[in-house]
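Got the model open in your viewer? Let's walk through it one selection at a time.

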Protein chains: 2
Amino acid sequence: MLDKRKRSILQAIVDDYISTAEPIGSRTIARKHDLGVSPATIRNEMADLELLGYIEQLHTSSGRIPSAKGYRFYVDSLLSPTQMSEREIALIKNWYQEKTRHVEEVFQETAKILSKITSNISLVLVPQVTQCAFKYLKFLPFDDCRTILVVVTDTGFVENKVIDIPTGLSFNDLQRIAEHINRRLSGLSFENIELSILREIQNEMLIDVDLFETALGILKQALVVEKNERLYLGGTTQLLSQPEFKNIEKVKSFLDMLEEEHLLANILQKQKNDGVIVTIGDENKYSGIQDCSMVQATYRIDGQVVGTVAVLGPTRMDYGKVMSVLEFMHNHLGEVLKKYKI
Amino acid sequence: MLDKRKRSILQAIVDDYISTAEPIGSRTIARKHDLGVSPATIRNEMADLELLGYIEQLHTSSGRIPSAKGYRFYVDSLLSPTQMSEREIALIKNWYQEKTRHVEEVFQETAKILSKITSNISLVLVPQVTQCAFKYLKFLPFDDCRTILVVVTDTGFVENKVIDIPTGLSFNDLQRIAEHINRRLSGLSFENIELSILREIQNEMLIDVDLFETALGILKQALVVEKNERLYLGGTTQLLSQPEFKNIEKVKSFLDMLEEEHLLANILQKQKNDGVIVTIGDENKYSGIQDCSMVQATYRIDGQVVGTVAVLGPTRMDYGKVMSVLEFMHNHLGEVLKKYKI
DNA sequence: GTTAGCACTCTACAAGGTCGAGTGCTAACA
DNA sequence: TGTTAGCACTCGACCTTGTAGAGTGCTAAC
C-alpha cells in the first residue's frame, strides 16, 4: 500500500497528465501542487513509484506518465466519487425534452450527450428485442397483390414490411393465418420461439401446407427483424482533438474498427453485473482498443437491465467526469425511455 | 478551343495528378506519355495552359496541377464516357442480393458500395416522403390506455408510434376518427395536405371539438414523422487515406460539417434535372466543400425521380470511375428498391 | 529523511547546406 | 515557324548540426 505522500504524488501525476497530455516532471509537481517538499524529494518518490509500476517513462529524462496500473489505482483509490452538478443534470433533462420525440432519438441523443460532455466516443447499445415478448402480428391492406405485415412486441416496438401476397391466398386467408399464429405465440418471448413450436404449428396447420410455408417464412422474417439490435455511436470526430491521435494512421485503424459494429456490441455485451465499470488499457480483451479505456454502465427499465451505455477514449481520460455522467445515465436513462413508451 | 496537343497534355496532367496526387512536371509527361515531343516543347505548352487558366502552379519550380477550370474541361471534353465492366456490375448486384433484406439496408449498402468502389465519401438521400401520397392511417390495439398509430403511404412506407389514448375516448372513437381522416385525405400527397384541408376537417367534425383536436394532433405528429427524410453516409474514413487530408485540422472541420446532416441534404436537393452531374471545386455553393468535388445522380422509381445519390471527395478524384458508378446507380437503384417493395 | 548541486540525457526546434525536380528564357536548328 | 538543347535560377524536401530546456540520478551536506 502506498503512503500518503506517494498517493498525493501519483494523484498529481495522473491529474496533470489527464489535463495536459504531457509527461510530468518533478519540478512541475513541486510548482503546481503544494506538497511542502522539494523537487528532489519528489524525484526520489517518483523513482519508487516507477519501480512499483504505477508510472513509466517514455525515455530517460522525460517526465513520467501513469501506467495502466497507475490509472487503476487512481480510479479505485484516489478518485472521490463525484456527482454531476444540478445545473448539468437540468441541462441534460432539458436536452432530452427538446430533442427527442421518437424512441430512436433518445438513443441517438444519448450518444450525442455523452460524447459532448466527455469529449470522447460514446456507445449506446439498445435493448435486445429478443428479451421482450411477441404480442401479435397483423396484416394491413395495401393493394391487390401486396400486404403490410406488422409485428408488435409487448414493449410497443413495431416492425413492418411490405410483402407479396402468395398466389392463391386471399386477404382473408392471411387474417386466418395471423389469428392462428397469434393464438399460439402471443406472450412468448422471442428467445423462446423455437423451432419446436414452429413445428407444432406446422402440424396443426397440416391442412394447408403451402399456407404454412408462407406463414413460417413471414415469421422467420419477423424474427430476423426483431433480433436486429442496434448500436448508436457518438462523437467519433472527438478523437481527432485528442493528442494521442495526432498520428493519422492510428485514427484510421481506430475508425475502421469502430465500423465493425458487431465487435463493439460484443465487447459491451460482456458486462453482466449492474452498475458502472471501468476497463483500463490492456484490461480490455479486444486488442484493437488496448491503449484505450472504456467506462460502461447498464441501464434498466422497471428494474430489469435492458442495455448498456459506454464511453470509449484514450487511457488518459477524465475518469471522474466520465464516471459521474455514466452513473447518471445508469440511474436515469430508463426513466427517459419510459416516457417515450418503449 | 484547345488544339489537340494541348488537350493531350492537359489530359496527361489531370490523369497523372489524379493517380499520384503530385504536381506534374514537363519531363514526367514526356517520359510517361509518348507525345513525340521534348520536355521543352511541353513546357511551352504548359505555360500557355497556365495562362489560359487550365492548370496552376503552387510555387515557382513546382510541377503543375489542374485548376477547377482544368477539371471542368477534362470532365466535359476529355473524359470518354465509360461503362462499368460486366464483372463489376455482377459484383454489385450480388452484393445487394446477399446483404439487403430491408429497404433501409438497401440505402445503407448503397452508401457502402459507393464509398468502397470510389474510395470517397458517399451520400444517399432517401425518397422524400412528402412527394408521395397519404394512403391511410390505422389504430392498432396495444393496451387499455395506449394504441399504436400506423400511417401508410402509397409507396408502402409505413411509420408507427405508440400513443396514449386520450381520456374519454374509446378505441371505437379512434376508429371513427381514422375512417373520417382517411376518407378526406387518402390519395393526397403529403405536400398538399395543407392547413386549409385540416380546417375543413375541423368544420366537418365540429360535433366533437375535443375529438378533432386529438385527431389533428395525431396527424401533425404523423406529418412530422413522415417528413423526416434521412441521409445515409458512407466511407467517411476514406478521407483519411487521401493525401489532401493529411492535415488533421482539415479532416476535423470536414467531418464536423458532415455531421450537420441537414446542410448536406440541402446541397443534394438542389439538383432538379435528371441524370449525373458534376460540381467541381468552387462551383459548389456551400463553402465547406469548395475544395471538393461532388458527383451526384438522381434515381427513379417508375420513371419518377425519388432521391439522389452522390460521391463527395477532393477535386482530385477519379471522375471517370465515379461517374460510371453513379451512372449505374442512376439506372439501376430504382430496380433494386422496387425488389424490396418500397 | 530532506535538500542542493552537478553532470548527464534526451527532445524540440531553429539555422544552414545540399540535392533534385522543375521552370523560363535564349539561341540554335530543321 | 515550330522544336529543341542548354543554362541559370528557384524552391521544397531532407539532412546535419547546434542549442536551449526540461528532466533525471547520484552524491554529499544539512
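Start with chain A on its own: of its contacts between residues at least 6 apart in sequence, 58% join residues at least 24 apart. Keep in mind as you look around that this is a predicted model. Colour chain A by secondary structure and you should find 12 helices and 10 strands. Chain A has 342 residues, and 50% of them count as buried.

**Stop 1: where the two protein chains meet**

Now show chain B as well. How many residues does each chain bring to the contact? Chain A gives 35 residues and chain B gives 35 residues. Between them the two chains bury about 3200 Å², with 62% of that area on carbon and sulfur atoms. Hunting for salt bridges between chain A and chain B gets you a count of 0. Polar contacts are another matter: 8 residue pairs make them across this interface, counting pairs with both residues at pLDDT 80 or more.

To see what chain A puts into the contact, select β4 (134–141), β5 (146–153), β6 (158–164) and α10 (248–259), each of which supplies at least two residues to the side touching chain B. Colour that side by residue class and you get 15 nonpolar, 7 polar and 13 charged residues.

**Stop 2: DNA strand C**

Next, select DNA strand C and the protein around it. The strand is surrounded by 20 residues, and the closest are R5(A), T41(A), S61(A), S26(B) and R64(B). Which part of the strand faces the protein? Of the strand C atoms within 4 Å of the protein, 76% belong to sugar or phosphate, and the rest to bases.

Zoom in on a few side chains here:

- R5(A) has a side-chain N or O atom 2.9 Å from a phosphate oxygen of strand C.
- S26(B) does something similar from chain B, with a side-chain N or O atom 2.7 Å from a phosphate oxygen of strand C.
- H59(A) places a polar side-chain atom 3.5 Å from a sugar or linking oxygen of strand C.

Now highlight α3 (39–52) of chain A, plus α2 (26–32) and α3 (39–52) of chain B: each supplies at least two residues of the surface near strand C. The largest share, 4 residues, comes from α3(A). By class, the surface near strand C has 3 nonpolar, 13 polar and 4 charged residues.

**Stop 3: DNA strand D**

Switch your selection to DNA strand D. Here 20 residues surround the strand, the closest being S26(A), R64(A), R5(B), T41(B) and S61(B). Sugar and phosphate make up 78% of the strand D atoms that come within 4 Å of the protein.

Which side chain should you pick to see a base nitrogen of strand D approached? Try R43(A), with an N or O atom of its side chain 3.3 Å from a base nitrogen of the strand. Then click on R64(A), where a side-chain N or O atom sits 3.0 Å from a phosphate oxygen of strand D. Over on chain B, the side chain of T41(B) has an N or O atom 2.5 Å from a phosphate oxygen of strand D. The elements giving two or more residues to this surface are α2 (26–32) and α3 of chain A, together with α3 of chain B. The largest share, 4 residues, belongs to α3(B). Sorted by class, the surface near strand D holds 3 nonpolar, 13 polar and 4 charged residues.

**Stop 4: salt bridges**

Hide the DNA and bring up the charged side chains. Over all chains, the structure contains 30 salt bridges. Select K6(A) and E45(A), which form one of them, with the closest N and O atoms 2.9 Å apart. This pair links distant parts of the chain, from K6(A) in helix α1 (residues 4–20) to E45(A) in helix α3, 39 residues apart. Is this pair buried or exposed? K6(A) is buried because its relative accessible area, 12%, is under 20%. E45(A) is buried as well, at 6%.

For another setting, go to R146(A) and D143(A), whose closest N and O atoms are 3.2 Å apart in a salt bridge. R146(A) counts as partly exposed at 22% relative accessibility, and D143(A) as partly exposed at 30%.

Last, jump to chain B, where the side chains of E45(B) and R5(B) meet in a salt bridge at 2.7 Å, N to O. E45(B) lies in helix α3 and R5(B) in helix α1 (residues 4–20), 40 residues apart. E45(B) counts as buried at 6% relative accessibility, while R5(B) is partly exposed at 35%. To finish, return to chain A and select D3(A), R5(A), K6(A), E45(A) and D48(A): salt bridges that share partners join these residues into one network.

Notes: Residues are numbered from 1 along each chain as its sequence is written. Chains are lettered from A and ligands numbered from 1 in the order in which they are written. This is a predicted model: local features need pLDDT of at least 70, side-chain atom pairs count only at pLDDT 80 or more; totals for chains, interfaces and linings use all residues. Side-chain values use heavy atoms; hydrogens and water are left out. A residue is near a molecule or strand if one of its heavy atoms lies within 4 Å of it. A polar contact is a pair of N or O atoms within 3.5 Å; within protein, one must be able to donate a hydrogen and the other to accept it, and residues adjacent in sequence count only if both atoms are side-chain atoms. Ala, Val, Leu, Ile, Met, Phe, Trp, Tyr, Cys and Pro count as nonpolar, Asp, Glu, Lys and Arg as charged, and the others, Gly among them, as polar. Contact means heavy atoms within 4.5 Å. Buried area is the accessible area (1.4 Å probe) that two parts lose on being put together, summed over both. A salt bridge is a side-chain nitrogen of Lys or Arg within 4 Å of a carboxyl oxygen of Asp or Glu. Buried means under 20% relative accessible area, exposed over 50%, partly exposed in between (1.4 Å probe, protein chains only).
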